[in-house]
Structure formats: structure tokens, C-alpha cells
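Here are my notes on the structure, set out as numbered points. Please read them alongside the sequence and the model.

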Amino acid sequence: MQSDVCGEAAAGSPRSEAEGRSIPEEEYRPSQPLRFMTMALKRVIPCLDVNAGRVVKGTNFVGLRDAGDPVELAERYDAEGADELVFLDITASHEQRETIVELARRTADNVFIPFTIGGGIRSVEDAQAVLDAGADKVSVNSAALARPELLGELADQFGAQCVVIAIDAKREAAPATVSPTCEAPPDWYGGGWGVYVNGGRKRVEGRDAVSWAEEAVERGAGEVLLTSMDRDGTNDGYDLELTKAVADAVGVPVIASGGAGELSHLSEAIAQGNADAVLCASIFHYGHYRVCEAKERLAADGIPVRL
């Protein structure tokens with residue numbers, strides 16, 4: 001079909017009426033360029049942070065401002081050719097609210113591409129409700145850190161392909177000097193990346209982002225959603241060092257998140273950070289770029305994408 005916003009729109013993947021899941025691309029996109037068929041296609045994923053039923057976006061996880069209705073934005077990104085969507089209920093864990101099952105149901109009724117729901121998933125039952133409502137994957141963060149066994153339970157029940165571990169990471173500066181006669185304090189990461197929960201409000205003592213990603217994958221996560229808190233909302237580009245460190249350490253896809261401001265940043269995250277997908281929010285929400293423009297730029301940079 002033709003889109004009035006972006007050239008030829010992607011129709012998205014049809015859903016199975018029985019299962020509400022996406023049909024594999026090879027079953028409905030036979031026209032995909034042959035040169036890409038043997039290569040793993042990289043994905044462009046708009047992220048919709050949801051607070052009180054509205055999409056919001058801030059900087060470094062604070063200073064939130066309204067960006068619109070989540071389902072309306074989801075429909076727009078579907079029409080523009082997004083590969084997937086991620087909805088994160090950013091206050092669910094902090095306020096102990098229930099997961100956004102109704103949003104999942106509304107989205108499944110109106111868009112035709114896979115989508116992930118995160119925020120407040122604390123049990124197999126929580127995940128089941130969201131998946132039954134039409135989501136394709138669930139994202140877990142705080143609950144997995146509090147009880148890592150949850151990842152295995154989810155993977156056993158739904159398959160690792162449905163389980164995304166979300167990691168909010170912040171660079172930890174190494175102290176200028178460390179006495180050789182003293183042990184480093186327990187919360188010192190030696191200049192690595194600390195792990196945060198509850199919307200970035202609380203640091204998890206003794207956790208390093210790279211080692212936690214490795215453990216989470218070993219326990220059953222099939223994908224890593226990696227957000228740099230330092231870069232979030234800054235438009236300064238992704239943290240390539242962080243992204244590469246995690247991507248090189250795990251054997252599952254890594255989604256780079258936090259910092260996209262220019263289309264060149266997306267190419268850098270994939271080519272230099274070894275990301276399998278790029279998550280974007282404000283550059284799409286506020287009309288700086290359209291999804292199709294991002295994918296066209298990636299293709300021009302020699303990165304295989306679905307056009």
C-alpha cells in the first residue's frame with residue numbers, strides 16, 4: 001500500500017488468528033532483495049515509553065514531556081515501515097501497578113508488526129496476560145534482578161525468543177587513585193557500567209551491566225535491550241563502547257538504546273557497536289526523522305534492512 005507519510009509503507013507481518021503471532025518474514029516477503037536473503041537484517045525499533053496511558057520522553061530518564069497517544073503513534077510507525085515496536089510502562093515497577101494489558105490488546109488490534117511490552121512483568125502470570133492480549137515478547141528488568149530465576153521460568157513457558165532482558169546501564173567512573181593496600185569498595189565498578197532499576201531511580205549494588213547481560217542470557221533471555229542512561233534523550237549518539245562490550249559478550253541479539261539524534265548514529269551503533277537493532281524514540285516522536293528515512297540511510301550505508 002502507499003503511505004502518505006513515507007513512500008511505500010510496510011504492511012507489516014500478518015498475524016495468525018489462532019495464536020496472535022507474526023508470520024515469519026520469508027513466508028510473506030518473497031520480494032526481499034536477494035543480496036539480503038543470506039544476511040541477518042538489522043532492525044529499526046521505535047520505543048514508546050508509557051506513563052499514565054501517554055507516550056512520554058525525557059533526558060537521562062527525567063524531565064518527561066508528552067509525545068502522544070501510544071496506539072496512534074504505533075499505527076504511524078507501522079505504516080512507515082518499523083520492524084518492531086517496544087512499549088515500556090516506565091512507572092509500573094516503581095508504583096507497583098499492573099502491566100498494561102489493555103494497551104497490548106489495543107495495539108494488537110491496530111498494528112501488524114511484532115511488539116514487546118515491558119514494565120511491571122513480575123511473574124509468568126503477568127507475562128501470560130500480556131502475551132494473551134497480543135504482545136509478541138515481554139521485557140523484564142527490575143523483577144529479573146530481584147529474582148533472576150524468573151528469566152528461566154519465562155523461557156521455559158514461552159521460549160527464549162519471547163524473553164527480553166532490559167538493562168539500564170550508567171557509566172561508573174573509576175576513582176582517581178586506589179590504595180594498593182585497600183580493597184576496592186563493593187560498589188566500585190572500575191570504570192565499567194552500573195545497573196539501575198525502577199526507571200533509573202536505584203542502582204543495584206554489585207551488578208555490572210556486561211556480566212549481568214551474560215548471566216541473563218545464560219538463564220534464558222533471548223534478547224538484550226541495552227539502554228545507556230548517560231546518553232538517553234541527549235541526541236549525542238549511542239554509547240558505542242557499552243553496546244559493543246555487551247554485544248561481544250552475549251550470543252543473542254542486542255538492541256542499542258539511548259542517544260539517537262542523527263541517522264548516522266544508527267549506522268554507528270550497528271557497524272561499530274555490533275548491535276543487531278537500534279531503538280529510537282524522540283527523533284521519531286517529534287518528527288525529526290521518519291522510520292523510512294532511517295532505514296533508507298542504513299541501506300545507503302551498506303547495512304542490510306527490510307525496505
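1. A disulfide is taken here as a pair of cysteine sulfur atoms within 2.5 Å, and a search of the whole structure finds 0 of them. C280 is in no disulfide, the nearest cysteine sulfur being that of C47, 9.5 Å away. C280 is buried at a relative accessible area of 2%, and C162 is buried as well, at 8%; buried means under 20% relative accessible area, exposed over 50%, and partly exposed in between, with a 1.4 Å probe and protein chains only.

2. This is a predicted model, in which local features need pLDDT of at least 70 and side-chain atom pairs count only at pLDDT 80 or more, while totals for chains, interfaces and linings use all residues. Residues are numbered from 1 along each chain as its sequence is written, and side-chain values use heavy atoms, with hydrogens and water left out.

3. The largest nonpolar core (buried Ala, Val, Leu, Ile, Met, Phe, Trp, Tyr and Cys residues joined through side-chain atoms within 4.5 Å) has 78 residues, and I165, I167 and V224 have the most contacts inside it. Apart from this core lies another, of 10 residues, including I45, A166, L225 and I255.

4. V224 touches, beyond residues up to four places away in sequence, a set that includes I165, I167, V246 and P253, where contact means heavy atoms within 4.5 Å.

5. N235 is partly exposed, with a relative accessible area of 36%. Leaving aside neighbours within four places in sequence, N235 is in contact with G259, A260, G261, H265, S282 and I283. N235 and E262 are 27 residues apart in sequence, yet 7.2 Å apart in space, C-alpha to C-alpha.
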